[in-house]
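Good morning, colleagues. Please look at the structure on the screen, and I shall then speak about its cross-links and one salt bridge.

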Amino acid sequence: MKTLLALFVLFFSSSVIAEQQLNIYGFTSQIPDNYIILKEDDMDDVTQFIEDESMDVSAWNELKSQFSNEETVTIYNIDYLSSEFMHNINFSYSPGEYQNFTNETLGVVCPYFHNILSEIAKTNVTQLKCDISSTPNILGNSIYAEHYGVLPNVASIQYLFWVNKNQVITATLTCIYDDCIKDRIVFKKIMSSIRQE
């Protein structure tokens, strides 16, 4: 995968402009020039990664079956192309019936996030934060969550939001916890730039 990304950057670096527009799932967002956008039609690469890392594939397969119509778009920070771990942001959608996220919702969603990530990682992932947010402010509230330890020293920062009454989006920043400040700022800007089509 890393070789594919390196080749992708080499072949297409001349077409990278100061800011790109991501246009997916009924919304648009601005992406900085040091990120590349890769659209994935299936989750096979993620499954392979989980197997390679000796994580719990059965928990992952169960999660995948719940989101069988889910598609993923991932953007990679090319500044980490030669690093052991590439910082990335992924967007996925799932069909569902709209419900406004409230403080009562947190009592269900926050433990769910924690439990499923802990099952996949085969360790007790730490939930650092799980709150109601107004970002990106398309349709009702969103949920903002931070987790630590899905992989050693890795942070997972997520927004769960509705793009319409039948489609919920999960946006996740994955980065090395101690080297995540710039990516957090970029992630917040990307999320704040989201506009419904």
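I shall take the disulfides, then the salt bridge, then a neighbouring serine.

This is a predicted model, in which local features need pLDDT of at least 70 and side-chain atom pairs count only at pLDDT 80 or more, while totals for chains, interfaces and linings use all residues. Residues are numbered from 1 along each chain as its sequence is written, and side-chain values use heavy atoms, with hydrogens and water left out.

With a disulfide taken as a pair of cysteine sulfur atoms within 2.5 Å, the count is 2. C110 is joined to C130, S to S 2.0 Å. C110 lies in helix 4 (residues 103–121) and C130 in strand 6 (residues 126–133), so the disulfide ties together parts 20 residues apart in sequence. Helices (H or I, at least four residues) and strands (E, at least two) are DSSP runs, numbered from the N terminus. The S-S torsion of this pair is about -85°, so the disulfide is left-handed. The other disulfide joins C175 to C180, at 1.7 Å from S to S; its torsion is about -50°, so it is left-handed as well.

The structure holds 1 salt bridge, meaning a side-chain nitrogen of Lys or Arg within 4 Å of a carboxyl oxygen of Asp or Glu. E146 pairs with R184, the closest N and O atoms being 3.1 Å apart. E146 is in strand 7 (residues 139–148) and R184 in helix 5 (residues 181–192), 38 residues apart.

Finally, S156 belongs to strand 8 (residues 154–164). Its contacts (heavy atoms within 4.5 Å), not counting residues up to four places away in sequence, include E146 and T172.
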